[in-house]
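Trainee: I would like to go through this model with you. Can we take the terms one at a time?

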Amino acid sequence: MKYLDEFRNGEIAQSLAREIRRVTTRPWKIMEVCGGQTHSIIRNGIDQLLPADIEMVHGPGCPVCVTPLEIIDQALAIAAQPGVIFCSFGDMLRVPGSEKDLFRIRGEGGDVRIVYSPLDAVQIARQNPDKQVVFFGVGFETTAPANAMAVHVARQHGLKNFSALISHVLVPPAIAAIMQSPRNSIQAFLAAGHVCSVMGYHQYPALTERFRIPIVITGFEPLDILEGIRRSVLQLEAGEARVDNAYERIVTFEGNLPAQKLLEQVFEIVDRAWRGIGVIPASGWQLRPEYREFDAEHRFQVSGIHTVESPLCHSGEVLQGILKPNQCPAFGKECTPRKPLGATMVSSEGACAAYYNYGRFISADQLTHV
Amino acid sequence: MCLAIPGRVDAIFEDGLSRMGKVNFGGIVKDVCLAYLPDIAVGDYTIVHVGFAISKIDEASAQQTLQTFREMGLLEEELSASEACNAAPDKEGQS
């Protein structure tokens, strides 16, 4: 692993870290919503550059982690059917369902394929008219336009053998849910830059006003994250609570309007269950009734599955920022990336996988007792 | 999963489904859907997520990000993930 100070811009990183130390006068808890940012923080040792008063709390922005177990089990049931080609992003294949994962289904003869883009799944459907092709459409607002387009072009081309198993989740309702939790201790948020590149940030001022919290739109590179933290601390120290865009080279206030237009056309807002967290009102998208014939859940009639979650897994508390991964009793013991109990140990964006892969086996509170 | 990689549009074409582009990510070229950036032209830079161009970016910022991703080993990891997994499924698959 390479730490940040080994990089070309290590000096800039150090000076940003010094600036954060200079302006910090008391303890602050800041949540990075996005799992990609969590991995950047742990991979590059950004948290270890920060003053002890700044605690980074890892948020629920890992689509693979929060996809409900019931939907994973539905995916497994569909993928195991003969005559089905099941297409997914690679991250989903090792996510544990109640009994199996998609890799296991493939090992047992299921035709499970990893695609780079949802449109690849549509092409596979065109090339295989005698098969039912199902795309596993999970993700936050960044990924939703791609999935919406796949369904839209399938409808335009009258494809009868393409459908999508959709489980989309949204960032702003998750921020609201975290702030409303009685166990919440978060004082500022780094908002996910690429979510905002699609959606803009017009939804965020209502949150900063309602909960009196700073929200800083932040990119994924180490310097972006340090700058997001610096701007959060400046607001916290000054008692301010507003939306600040620290990712201006990508994000505009209004976002990508053509993408938002198609999202509105294809999807409608629903209450969505988040794995490990529970139902968050109006926190997801599902296909509108006009697109129902492309809804795999409808086409394959796989509702009513009985799910079994591991009793040892604390991923819900990890996803809400209540527990650090290495504070979970099963971390690195019963639960590893090879034999994960929960999705947070699987995904390239899961906090538990980040802690495991980058050797964070001892928690900060354990260290103080050493 | 929300990572997006910057690249340069080398060519624009129709593939029967959508307006597409050949996008060059520091030497790796992929087919990318351009439907959400109707104004984008050959030579422009964009950030790409799961095969979709979602936002324009200036060349200097794009090059800097590509360099950072390359140093961190993210570029290959992100762009070759699906091929690698599909090529060797069963070894990985059994646990």
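Trainee: How many residues of domain 1 of chain A are in contact with domain 2 of chain A?

Mentor: This is a predicted model; local features need pLDDT of at least 70, side-chain atom pairs count only at pLDDT 80 or more, and totals for chains, interfaces and linings use all residues. Residues are numbered from 1 along each chain as its sequence is written, with chains lettered from A and ligands numbered from 1 in the order in which they are written. 28 residues of domain 1 are in contact with 23 residues of domain 2 in chain A. Contact means C-beta atoms, placed from the backbone, within 7 Å.

Trainee: Which element supplies the largest share of that side of domain 1 of chain A?

Mentor: α2(A), with six residues. Helices are DSSP runs (H or I, at least four residues), numbered from the N terminus.

Trainee: What makes the largest nonpolar core a core?

Mentor: Its members are buried Ala, Val, Leu, Ile, Met, Phe, Trp, Tyr and Cys residues joined through C-beta atoms within 7 Å. Buried means 20 or more other C-beta atoms within 10 Å of the residue's own C-beta, placed from the backbone. The largest such core has 154 residues; A150(A), F189(A) and A191(A) have the most contacts inside it. Helix α8 (144–156) of chain A gives the largest share, eight residues.

Trainee: Why does this core lie between domain 1 and domain 2 of chain A?

Mentor: Domain 1 (11–312) and domain 2 (315–367) both give residues to this core, so it lies between them. The bounds come from an automatic or database domain assignment.

Trainee: Which residues does A150(A) touch?

Mentor: Beyond four places away in sequence, A150(A) touches P118(A), L119(A), A121(A), V122(A), F135(A) and A164(A).

Definitions and conventions. Buried ≥ 20, exposed ≤ 12 C-beta atoms within 10 Å, placed from the backbone. Helix = DSSP H or I, 4+ residues; strand = E, 2+ residues; numbered from the N terminus. Contact = placed C-beta atoms within 7 Å.
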